[in-house]
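Me: Could you take a close look at one part of this model for me, the place where the aromatic rings gather and the helices around it? An informal walk-through is fine.

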Amino acid sequence: GGWSRIFIVLYSMTNKREVLEKLEAWFFDDSSGIENFVEEFAKAHKDIFDMDKEEHKLEYMDVYKEFQGQFETKIEGFLKDNGYSSEDLVDAVKEEQKTHGDAAGTDVIGVILATLEYDIFCQMMAEAKERFA
């Protein structure tokens, strides 16, 4: 009856929260190589970017799309290795936003989404150009 339904709801919420917690731990863990991947990618492509010019070259978008593809592949690999699907992640984010509003508890999602935004990507490349000059 009612108890089993409550248990199932609680269980699925715990499971959903778990995918976010594991993703966060993996994302910010030095050994998983996400930071390293982002840094190496930035080093390899930084010279294409000239942020002093107003106009963005078409090439920037190509590099951005390449980055996005590789980044998403890494996240999909994490999900697969941990027995999750991308739907599990989407559900977890939706649940988290419903429970805590947009701001709370989804720090890692915010970081991932920000990393995948074109403007932030270009900014990241500009910073890499300065840092690894």
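Reply: Let's start with the rings: Phe-27, Phe-28, Phe-37, Phe-41, Phe-49, Tyr-60, Tyr-64, Phe-67, Phe-71, Tyr-118 and Phe-121 are linked by ring pairs into a cluster. Keep in mind that this is a predicted model. Searching the whole structure turns up 14 aromatic pairs.

Now for the helices, beginning with helix 2 and helix 3. Helix 2 covers residues 34-45 and helix 3 covers residues 58-81; their axes are 11 Å apart and the packing angle is about 160°. Anything over 145 degrees counts as roughly antiparallel, so that is how helix 2 and helix 3 run relative to each other. The crossing of helix 2 past helix 3 is right-handed. On the helix 2 side, the contact uses Ile-34, Phe-37, Val-38, Phe-41 and His-45, and facing them from helix 3 are Val-63, Glu-66, Phe-67, Gln-70, Phe-71 and Lys-74. Sorted by type, the residues of this contact between helix 2 and helix 3 come out as 7 nonpolar, 2 polar and 2 charged. Phe-37, Phe-41, Phe-67 and Phe-71 from this contact are also members of the ring cluster.

Next comes helix 6, residues 118-131, whose axis comes within 9 Å of the helix 2 axis, with a crossing of roughly 75°. Helix 2 is therefore roughly perpendicular to helix 6. Here Val-38, Glu-39, Phe-41, Ala-42 and His-45 of helix 2 touch Phe-121, Met-124, Met-125, Ala-128 and Arg-131 of helix 6. The split for helix 2 with helix 6 is 7 nonpolar, 1 polar and 2 charged. Val-38, Phe-41 and His-45 touch helix 6 and also meet helix 3.

That leaves helix 3 against helix 6, where the axes come within 11 Å and cross at roughly 100°. These two helices are therefore roughly perpendicular as well. Helix 3 brings Tyr-60, Met-61, Val-63, Tyr-64 and Phe-67, while helix 6 offers Tyr-118, Phe-121 and Met-124. The tally for helix 3 with helix 6 is 8 nonpolar, with no polar and no charged residues. Tyr-60, Tyr-64, Phe-67, Tyr-118 and Phe-121 in this contact belong to the ring cluster too.

One last ring to look at: Lys-43 sits over the face of Phe-132, 4.9 Å from the ring centre.

Technical notes:
Residues are numbered from 1 along each chain as its sequence is written. This is a predicted model: local features need pLDDT of at least 70, side-chain atom pairs count only at pLDDT 80 or more; totals for chains, interfaces and linings use all residues. Side-chain values use heavy atoms; hydrogens and water are left out. Axes are lines fitted to C-alpha atoms, for helices over the stretch in contact, and angles run from 0 to 180 degrees between N-to-C directions. Helices (H or I, at least four residues) and strands (E, at least two) are DSSP runs, numbered from the N terminus. Angles under 35 degrees count as roughly parallel, over 145 as roughly antiparallel, 65 to 115 as roughly perpendicular and the rest as oblique. A crossing is left-handed if the near helix is turned anticlockwise from the far one by less than a right angle, and right-handed if clockwise. Contact means heavy atoms within 4.5 Å. Ala, Val, Leu, Ile, Met, Phe, Trp, Tyr, Cys and Pro count as nonpolar, Asp, Glu, Lys and Arg as charged, and the others, Gly among them, as polar. Rings of Phe, Tyr and Trp (its six-membered ring) pair if their centres lie within 6.5 Å; planes under 30 degrees apart count as stacked, over 60 as edge-to-face and the rest as tilted. A charge sits over a ring if NZ of Lys or CZ of Arg is within 6 Å of the ring centre and within 35 degrees of the ring normal.
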